[in-house]
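This report takes up how the helices pack, what lies in the nonpolar core, and how a few single residues are placed. Please keep the sequence and the 3D view at hand while reading.

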Amino acid sequence: MMRNLLLTLRFSGRDFHGWQIQENAVTVQEVFQNALYEIIHERPDIKGCSRTDAGVHANMYCVSMHIAHPIADDHLMMALNRYLPPTVAVTGVREVPDDFHARYSCTGKEYVYKIWNSRVRDPFLDGYALHYRYEMDDLMLQRAADAFVGTHDYSSFCTLDKRERGDLTRSVRCFHIERAGALVTFTVAADGFLYNMVRIMVGTLLSVNNGRIKADAIGSIIERRDRAAAGPTAPPHGLYLNRVFYDL
């Protein structure tokens, strides 16, 4: 009997070229499918919850797939973790309704972006947080980030390519900036995200911090719907897909 399974993963993106299978590049989907084949000896159609770029990490990434193999959910989780590399771990497996889809059933996502704000780099965060050596005005940045919250056309905060077409309106539910010593974490949740949206938001806020963009300009940048009006795209290695939301 065919079952539809939802699997949750965590992975370090440092050694991968994103999630989706690519020619001449190692991806998370590739090593996941290879591990799965070792267990059930077939390659089912895997549905990932989102794209992730090279170097981007995930505290929670979700995939769904239909399989007929009778292996128990917990046994599948443990077997996958035996064959997966140390940089990828399956944290849960459960059966879901037949029409569930990891991407299209998603009601929202939360990302975090980590910045090591110190004159001296932390070797243990190399590849896992952006090293930013200049002083940061956390309160000013939070006031600027508040303008992101709401339902808007985020064309100014999207890298347009063949993957982004149609309605570019999204609803940002919250944008919080928190500091723990030198580690500054930007957390943003929305019903969905455009390509590079969070990284452009972060890059724009860093431009606000260094005075290249005015602190009260975020609203007008959104209204312009022009990528050139926003700041640069922040590097990928500070970005984490943190949570994925479903009505289950």
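## Burial and the case of Arg 14

A residue counts as buried when its relative accessible area is under 20%, as exposed when that area is over 50%, and as partly exposed in between. The model discussed here is a predicted one. Arg 14 has a relative accessible area of 44% and is therefore partly exposed.

Arg 14 lies in the loop that joins strand 1 to helix 1. Once residues up to four places away in sequence are set aside, Arg 14 touches His 57, Asp 126 and Tyr 128. Arg 14 can also be paired with a residue far along the chain, since Pro 236 is 222 residues apart from Arg 14 in sequence, while their C-alpha atoms are separated by 9.4 Å.

## Helix 1 against helix 2

Helix 1, which spans residues 28-40, and helix 2, which spans residues 73-83, have axes that come within 9 Å and cross at roughly 120 degrees. Because of that angle, helix 1 is oblique to helix 2. The crossing in which helix 1 passes helix 2 is right-handed. On the side of helix 1 the contact is made by Phe 32, Ala 35, Leu 36, Glu 38 and Ile 39, and on the side of helix 2 by Leu 76, Ala 79, Leu 80 and Tyr 83. Sorted by class, this contact of helix 1 with helix 2 has eight nonpolar residues, one charged residue and no polar ones.

Which residues of helix 2 are buried? They are Leu 76, Met 77, Ala 79 and Leu 80. Helix 1 is one of the elements that cover these buried residues of helix 2, and the cover also includes strand 1 (3-11), strand 3 (57-67) and strand 4 (88-95).

## Helix 3 against helix 4

A second helix pair is formed by helix 3, residues 138-145, and helix 4, residues 197-209, whose axes are 10 Å apart and which pack at an angle of about 130 degrees. Helix 3 and helix 4 are therefore oblique to each other, and their crossing is right-handed. Helix 3 brings Met 140, Leu 141, Ala 144 and Ala 145 to the contact, and helix 4 brings Leu 205, Val 208 and Asn 209. By class, the contact of helix 3 with helix 4 has six nonpolar residues and one polar residue, with no charged residues.

## The nonpolar core

In soluble globular proteins, nonpolar side chains tend to be buried together. In this model the largest nonpolar core has 80 residues, and those with the most contacts inside it are Leu 7 and Phe 186. Helix 4 gives the most to this core, with eight residues.

What does Leu 7 contact, when its neighbours within four places in sequence are left aside? The residues in contact with Leu 7 are Phe 32, Tyr 61, Cys 62, Val 63, Met 65, Leu 76, Leu 80, Val 90, Gly 92 and Val 93.

## Thr 187 in strand 9

Thr 187 is a residue of strand 9. With a relative accessibility of 13%, Thr 187 counts as buried. Apart from neighbours within four places in sequence, Thr 187 is in contact with Glu 110, Tyr 111, Val 112, Cys 174, Phe 175 and His 176. Thr 187 and Ile 177, which are ten residues apart in sequence, are 6.4 Å apart in space from C-alpha to C-alpha.

## Loop residues and positive phi

Most residues other than glycine have a negative phi. Asn 196, a residue other than glycine, has a positive phi near 70 degrees, and its place is in the loop between strand 9 (183-190) and helix 4. Arg 225 is not a glycine either, yet its phi is positive at about 55 degrees, and Arg 225 is found in the loop between helix 5 (218-224) and strand 10 (239-246).

Are these two residues buried or exposed? Asn 196 is buried, with a relative accessible area of 14%, whereas Arg 225 is exposed, with a relative accessible area of 54%.

Arg 225 also appears among the contacts of Ser 155, which touches Leu 168, Arg 225 and Arg 227 when residues up to four places away in sequence are not counted. Ser 155 has its place in the loop between strand 7 (150-153) and strand 8 (169-180), and at 12% relative accessibility Ser 155 counts as buried.

Conventions: Residues are numbered from 1 along each chain as its sequence is written. Side-chain values use heavy atoms; hydrogens and water are left out. Axes are lines fitted to C-alpha atoms, for helices over the stretch in contact, and angles run from 0 to 180 degrees between N-to-C directions. Helices (H or I, at least four residues) and strands (E, at least two) are DSSP runs, numbered from the N terminus. Angles under 35 degrees count as roughly parallel, over 145 as roughly antiparallel, 65 to 115 as roughly perpendicular and the rest as oblique. A crossing is left-handed if the near helix is turned anticlockwise from the far one by less than a right angle, and right-handed if clockwise. Contact means heavy atoms within 4.5 Å. Ala, Val, Leu, Ile, Met, Phe, Trp, Tyr, Cys and Pro count as nonpolar, Asp, Glu, Lys and Arg as charged, and the others, Gly among them, as polar. Buried means under 20% relative accessible area, exposed over 50%, partly exposed in between (1.4 Å probe, protein chains only). A nonpolar core is a set of buried Ala, Val, Leu, Ile, Met, Phe, Trp, Tyr and Cys residues joined through side-chain atoms within 4.5 Å.
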